[in-house]
Amino acid sequence: MKKKILALVMSAVIAIPTLSFVGCSSKESADMVIIGAGGAGLAAAVQAKQDGVKNIVVLEKMPLVGGNTNRASSGINGAETKFQEEKGIKDSVQTMIDDTMKGGHNKNNPELVKKLAEDSKGSIDWITSLGGDLSDVGRMGGASVDRCHRPTGGAAVGAHLVDTLKKAAEKEEVDVRLWNKAQEVVLDKEGKVSGVKATNKEGKEYVINTKAVVVTAGGFSANSELVVKYNENLKGFATTNHNGATGDAIPMLEKLSADFVDMKEIQTHPTVVPEKAVMIAETVRGNGAILVNKEGKRFFNELDTRDAVSKAILSQPDKISYIVFDDGLRKGLKQAEEYFNMGLVTEGENIEDLATKLNMDGATLKATIEKYNGFVAAGKDADFGRTSMKKELKEGKFYAIPVAPAVHHTMGGVKINTNAEVINTTGDAIPGLFAAGEVTGGVHGANRLGGNALADIIAYGRTAGNSAANFIKK
């Protein structure tokens, strides 16, 4: 009966098939244990299964899989992909490296960035091979070319990616345990991984003896105390993250003398609806929307890096901005309908009507939009240097959504190498311990580019699964 109830809860939360669950005993064994069933954890599990690991247990403290990946909307970056080639988009691994390093203010670990970019094409191909649709390609802030892949029509990528990975994990018969929380990673006398202590959904403790552990427990943006501990300037900020992103792995890894990097580097997403914590995807701006302040004026390059756009919004009156777009953009971007369905959008029959509803001067807003349309026609933004301007805003009704920055991504985390091995404070890899995704640091430096989070979780999730599999075989 409990299994049936759990299946109903899961199908109501996310409409994809549930995975099988195995009962817990006080002590058991597995070849590999993965802590966290977000995108990185599922990718690691599927890759390890493909590499021949038979018995894999995935521990997930939340009542559903996916973590923050469920909320990802913009896309996943990939360079030199077949979908770029089909659309005539010229890109290169080196260009992706350059964009990522520049976006991270060169605080990134260059070797980790190089691997991210080199593996990105394979990540797109791998997800596609599992049945995913990443055929649409757009541009995110800080990118010099279109490389952000998403489903046909620009639909939100996160739930689709989780759906794809979850089905693959189910097919591979991965043992995923919801409401099961890892408490401790156990090392033997030689300092090698030997097990994981956990509690099941009834709160009963048990131990899994294992040869390898992959930590994919996510970041800590939903833990306001930790956020302020590392960056006091973010006190009082809302977050875009799900409420399970609390950084539980940090003390767990600290006990193992794991090293950490870039912990103070916490990113705010510039376009989040105030008081509702709903993130407006970067694809809306990427597809042509503009930002205006309460006076109806543009004030910055909408597709600059997230930290720069956030800072610009915070310098505006009341620290707020509006995303403005028209029917042309609405028709060309599927995920835009979500914002209408949630009642977040102010609608105007024309520019002046929209301005009236926003308590703006109609002449000012109209002049702003007409000037921007002139830049689109000329192919040059003479005011703020925006290089990607998809279309003029002049079709049908006009719309606006209020936005302000909110805590979005923690770039800092446990230190890893390009094999996704966890590095301790003496600079050595901890035998049998691997990590991937937002729990790690070094990939994104001081600022993450849109589309690189999903590129990170797939590239390093797969790497962690593969490295753990090779470790087990040895």
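Start at strand S15 (residues 346-348): three bridges join it to S16, and the two run antiparallel. This is a predicted model, so local features need pLDDT of at least 70, side-chain atom pairs count only at pLDDT 80 or more, and totals for chains, interfaces and linings use all residues. Residues are numbered from 1 along each chain as its sequence is written, and side-chain values use heavy atoms, with hydrogens and water left out.

Some ground rules for the labels. Helices (H or I, at least four residues) and strands (E, at least two) are DSSP runs, numbered from the N terminus. Two strands pair if DSSP finds at least two bridges between them.

**Stop 1: strand S16 and its partners**

Stay on S15 and pick glycine 348. Opposite it in S16 stands phenylalanine 398.

Now select all of S16, residues 398-410. Is S16 enclosed or open? 12 of its 13 residues are buried, so the rest of the structure largely encloses this strand. Buried means under 20% relative accessible area, exposed means over 50%, and partly exposed lies in between (1.4 Å probe, protein chains only).

Add strand S14, residues 321-326. S14 pairs with S16 in the antiparallel sense, over six bridges. Click tyrosine 322: its bridge partner in S16 is proline 402.

Next, add strand S11, residues 266-273. S11 and S16 are also antiparallel partners, with five bridges. Which residue of S16 bridges to isoleucine 266? Threonine 410 does.

**Stop 2: from isoleucine 266 to valine 228**

Keep isoleucine 266 selected and add valine 228. Their C-alpha atoms are 9.9 Å apart in space, while 38 residues separate them in sequence.

Valine 228 is found in helix H7, residues 224-230. Its relative accessible area is 26%, so valine 228 is partly exposed. What does valine 228 contact, leaving aside neighbours within four places in sequence? The answer is Leu234 and Lys235. Contact means heavy atoms within 4.5 Å.

**Stop 3: a three-strand sheet**

Select S10, S17 and S20. They form an open sheet in the order S10-S17-S20, with mixed pairing. Strand S10 (260-261) and strand S20 (440-441) stand at the edges with a single partner strand each, so one side of each has no neighbour in the sheet.

Zoom in on S17, residues 413-415. S17 and S20 pair in the parallel sense over two bridges. Valine 414 has threonine 440 as its bridge partner in S20.

**Stop 4: strand S2**

Select S2, residues 56-60. Five of its five residues are buried. Both faces are covered, with Ile56, Val58 and Glu60 on one side and Val57 and Leu59 on the other.

Add strand S1, residues 27-35. S1 pairs with S2 in the parallel sense over four bridges. Valine 33 stands opposite valine 57 in S2.

**Stop 5: helices H2 and H15**

Two packed helices are described by the angle between their axes and the distance between the axes. Axes are lines fitted to C-alpha atoms, for helices over the stretch in contact, and angles run from 0 to 180 degrees between N-to-C directions.

Select H2 (residues 39-50) and H15 (residues 452-473). Their axes come within 7 Å and cross at roughly 40°. That makes H2 oblique to H15. Angles under 35 degrees count as roughly parallel, over 145 as roughly antiparallel, 65 to 115 as roughly perpendicular and the rest as oblique.

The crossing of H2 with H15 is right-handed. A crossing is right-handed if the near helix is turned clockwise from the far one by less than a right angle, and left-handed if anticlockwise.

Show side chains. On H2, the contact residues include Ala43, Ala44 and Gln47; on H15, Gly461, Arg462 and Gly465 are among them. By class, this contact has six nonpolar, five polar and one charged residues. Ala, Val, Leu, Ile, Met, Phe, Trp, Tyr, Cys and Pro count as nonpolar, Asp, Glu, Lys and Arg as charged, and the others, Gly among them, as polar.

**Stop 6: helices H4 and H5**

Move to H4 (residues 93-103) and H5 (residues 110-129). They pack at an angle of about 135°, with axes 9 Å apart. H4 and H5 are therefore oblique to each other. Their crossing is right-handed.

Which residues of H4 meet H5? Val93, Met96, Ile97, Thr100 and Met101 do. The H4 contact with H5 has eight nonpolar, two polar and two charged residues.

**Last stop: threonine 164**

Select threonine 164 in helix H6, residues 158-171. Is threonine 164 buried or exposed? Threonine 164 is buried, with a relative accessible area of 6%. Not counting residues up to four places away in sequence, threonine 164 touches Ile127, Leu130, Gly131 and Gly132.
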